[in-house]
Amino acid sequence: MTLLHHEHATHAHSHGPTCGHLAVEHGDHMDYAHDGHLHREHQGHWDECETPNHVPHTHPDHVHGPACGHTSVVHGDHVDYVHDGHRHAEHDGHWDDH
């Protein structure tokens, strides 16, 4: 999965295990949920963690929602659900990997 490099230039806060923001394991790094964004550390600064492509994910035996048991994360104008090291978002009748 290739990630877009969008530096969060006004980010004066350092994330870590005690910062108080939700930490979400995402592939080979950790994202931190902060003000509707997901940030990741990258070469001494913080980036918005976004995927550049529409990546459908199928898990036919499970529907995410408030009672599904997975951590929900506000991400812009929608909610992602953390599932098996991925963030899933509902999109046009299916789930995308974020």
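In the predicted model, strand β2 (residues 23-26) is joined to β3 by four bridges, and the two strands run antiparallel. Within this pairing, His 26 has His 29 of β3 as its bridge partner. The two strands form a hairpin with two residues between them, and in this hairpin Gly 27 adopts a positive phi near 65°.

Strand β3 (residues 29-34) is largely enclosed by the rest of the structure, because five of its six residues are buried. The strand is also linked to β4 through three bridges, again in an antiparallel arrangement, with Leu 38 of β4 serving as the bridge partner of Ala 33. A hairpin is formed by β3 and β4 as well, with two residues between the strands, and Asp 35, which lies in the turn, has a positive phi of about 55°.

Strand β4 (residues 37-42) also contains Arg 40. This residue is buried but has no salt bridge, and the nearest side chain of opposite charge, that of Asp 28, is 4.3 Å away. A salt bridge requires a side-chain nitrogen of Lys or Arg within 4 Å of a carboxyl oxygen of Asp or Glu, and therefore the separation of 4.3 Å between Arg 40 and Asp 28 does not qualify. The side chain of Arg 40 does, however, take part in a polar contact of 3.4 Å with the side chain of His 29.

A further part of the model is an open sheet of five strands, arranged in the order β6-β10-β9-β8-β7 with antiparallel pairing. Its edge strands, each of which pairs on one side only, are β6 (56-57) and β7 (72-75). Strand β7 is joined to β8 (residues 78-83) by four bridges, the two running antiparallel, and in this pairing Val 73 stands opposite Asp 80 of β8. Strand β10 (residues 94-97) contains Asp 96, which counts as buried because its relative accessibility is 6%, below the cut-off of 20%. The side chain of Asp 96 makes a polar contact of 3.4 Å with the side chain of His 91.

In soluble globular proteins, nonpolar side chains tend to be buried together. In the present model, the largest nonpolar core consists of six residues, namely Val 24, Ala 33, Leu 38, Cys 49, Val 73 and Val 82. When neighbours within four places in sequence are left aside, Val 24 is in contact with His 29, Met 30, Asp 31, Val 73, Val 82 and Arg 87.

Technical notes:
Residues numbered from 1 in each chain as written. Predicted model: local features only at pLDDT ≥ 70, side-chain atom pairs only at ≥ 80, totals over all residues. Heavy atoms only, no water. Buried < 20%, exposed > 50% of the residue type's maximum accessible area, 1.4 Å probe, protein only. Lys, Arg positive; Asp, Glu negative; His and termini not counted. Polar contact = N/O pair within 3.5 Å; in protein donor to acceptor, adjacent residues only side chain to side chain. Core = buried A, V, L, I, M, F, W, Y, C linked by side-chain atoms within 4.5 Å. Contact = heavy atoms within 4.5 Å. Pairing = 2+ DSSP bridges.
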